[in-house]
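Student: I am new to this structure and would like to understand how its descriptions are justified. Could you show it to me before we begin?

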Amino acid sequence: MKVAVIGSGYVGLVTAVCLAEIGHQVISVDANEAKIEALNRGEMPIYEQLLPELLRRHLGRRLHFSASLSEAVGKAQTIFITVGTPKSESGEADMSYVDAVASNIAAAVEVRKLIVEKSTVPVRTCELIRRTLLLNGAAEGCFAVASNPEFLREGTAVKDFLHPDRIVIGADEEFGAAMLQEIYRPLITGEYHRRPGAIPSPTGAGAPAKLVQTTVKSAELIKHACNAFLATRISFINMIAVLAEQVGADIDEVCAGMGSDPRIGSQFLRPGIGYGGSCFPKDVAAFHSVAAMAGVDFSLLREVTRINDEQRLRYLAKVREALWTVRGKRLGVLGLAFKGGTDDVRDSPALAVVGQLCREGARIRAYDPAAMYRAREVIAPPTITYAEDEYAAATNADALLILTDWKQFVELDLHRLHSVMRCPIVIDGRNIFSPQAVAAPGFEYHSVGRVAVGCFRPTQDRDVTLPAMVARPHPVPPMENRRRFGVSAHMGSPDTLPR
Ligand code: NAD
Ligand code: UGA
């Protein structure tokens, strides 16, 4: 099949490269000419595992890049729209990029083509794309519009695309359904997975993808409902973590107990500093607006967002509590991306935390394996400094903050880390370490939903002795935070008084 993919961002690029990988002739289009030139030179504008290898495999053969939408649309039978749908000020999705692309496509369709919305869009967008095409001069019989939402995650995007749990095809006409089935046939039949050189599945099993065929509106709703549901799970577990801390329970044990129920499952039950990224925050807001416009009060989503916002504040309260005062303190920060495995810092909770601590006068030295060049565009030196590696970020620090769940952080040499820090305090917003592992070198360790360990407590004569690893509930949040978070009473033991 000849395919055009309009928008070469995180989703468009993965879509274009992976459609070439399964055998199609693809033109990837972007309005950003510098990006297209770089891609044509074989340079990858984003950090995403396996994408550079596949780009090298297909560039100039089945995969081409162009800044000309009309040229690409002229050549393609199917056109995927993968431009951004960011949050507007009112919370609704800003559909102006999709609208602009649809208007431009209208001028270029002459024979019947399929237009596929892959961007995450409000229900009824297909109808509006159709209307835009007609208003801009496309003839009624020259196109069909279908929905094919994308479920890939950044960091594992290539494997998610090539080994999806399901492929959702929302089409109200046979033409659209048949074209999309043909495009995805190698994944639906498993034929791609049997090819020599195919990208292996994360589990090694390589099962064919399940095809979910629906109406257009159902497909549009599925995408928003999935993201809103996953965000809800995260906010739910974050509230359980707050509760666990207050009563001295252990969130890991709670998650293990909950996740063992197959009706609940263990995924998306990791507590932390709240979800971020370019999708969950904006999609939850957009879905809330979609519901409101349909006359449905989906107030649960407001609560999900509120809990998520407060999760960052809770973490900040923990940092203040552990440091006593923030102004002038040197803080090492590990992680700036919104999650591990990506360079994406859009709506990153890590950057939000760093920004706030800077405003409070902390001196921050940060390290992220992939996201520093993007983070610099948001928080430039000298507001914070960027370190060469994790140990450089920790050197002479009064505390080390873990804000992104990069796998390589888990493998750090904790004894070495301890030896370079001024004060051995770790405040882990992602629970990447077990309290036992950090206890051995003698860290004071604060995490999410688990008791803090190794806390220093000055004795009366100020002879500060290195503590035995005393497990204790997290210190009482300051009154102001207790009010803000609605914590009514501290339920720790008497020896948990604030230092
Ligand atoms: P992005 O910002 O990384 O990429 C969008 C690209 O579209 C940019 O390169 C931009 O230059 C280009 N563009 C904008 N207007 C254009 C035009 N008129 N013509 C050609 N190119 C144009 O966005 P993204 O993260 O790839 O997200 C795209 C959509 O996919 C969003 O709706 C998002 O919600 C959805 N989505 C994203 C993910 C993800 O993990 N990022 C996953 C699933 C779905
Ligand atoms: C998410 C969805 O997982 C994808 O299915 C969807 O396609 C995509 O959004 C989208 O529509 O854009 P992504 O944003 O790449 O993918 O990343 P996730 O792994 O879902 O993580 C999102 C945020 O939630 C991150 O900040 C992550 O740290 C956080 N998270 C995730 C948790 O705090 N706890 C968890 O258990 C899981």
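Student: What makes the pairing between an oxygen atom of ligand 2 and the side chain of Lys 339 a polar contact?

Tutor: This is a predicted model, in which local features need pLDDT of at least 70 and side-chain atom pairs count only at pLDDT 80 or more, while totals for chains, interfaces and linings use all residues. Residues are numbered from 1 along each chain as its sequence is written, chains are lettered from A and ligands numbered from 1 in the order in which they are written, and side-chain values use heavy atoms, with hydrogens and water left out. An N or O atom in the side chain of Lys 339 lies 2.9 Å from an oxygen atom of ligand 2, and a polar contact is a pair of N or O atoms within 3.5 Å, so the pair qualifies.

Student: How much of ligand 2 does the protein bury?

Tutor: Taken alone, ligand 2 exposes 700 Å², an accessible area from the Shrake-Rupley method with a 1.4 Å probe, and the protein buries 94% of that.

Student: Which backbone atoms also pair with ligand 2?

Tutor: A backbone N or O atom of Phe 151 lies 2.8 Å from an oxygen atom of ligand 2, and a polar backbone atom of Glu 154 is 2.8 Å from an oxygen atom of the ligand.

Student: Why is His 24 called buried?

Tutor: His 24 has 6% relative accessibility, and buried means under 20% relative accessible area (1.4 Å probe, protein chains only), so His 24 counts as buried. The side chain of His 24 also reaches the backbone oxygen of Ile 183 at 2.8 Å.

Methods
Polar contact = N/O pair within 3.5 Å; in protein donor to acceptor, adjacent residues only side chain to side chain. Buried < 20%, exposed > 50% of the residue type's maximum accessible area, 1.4 Å probe, protein only.
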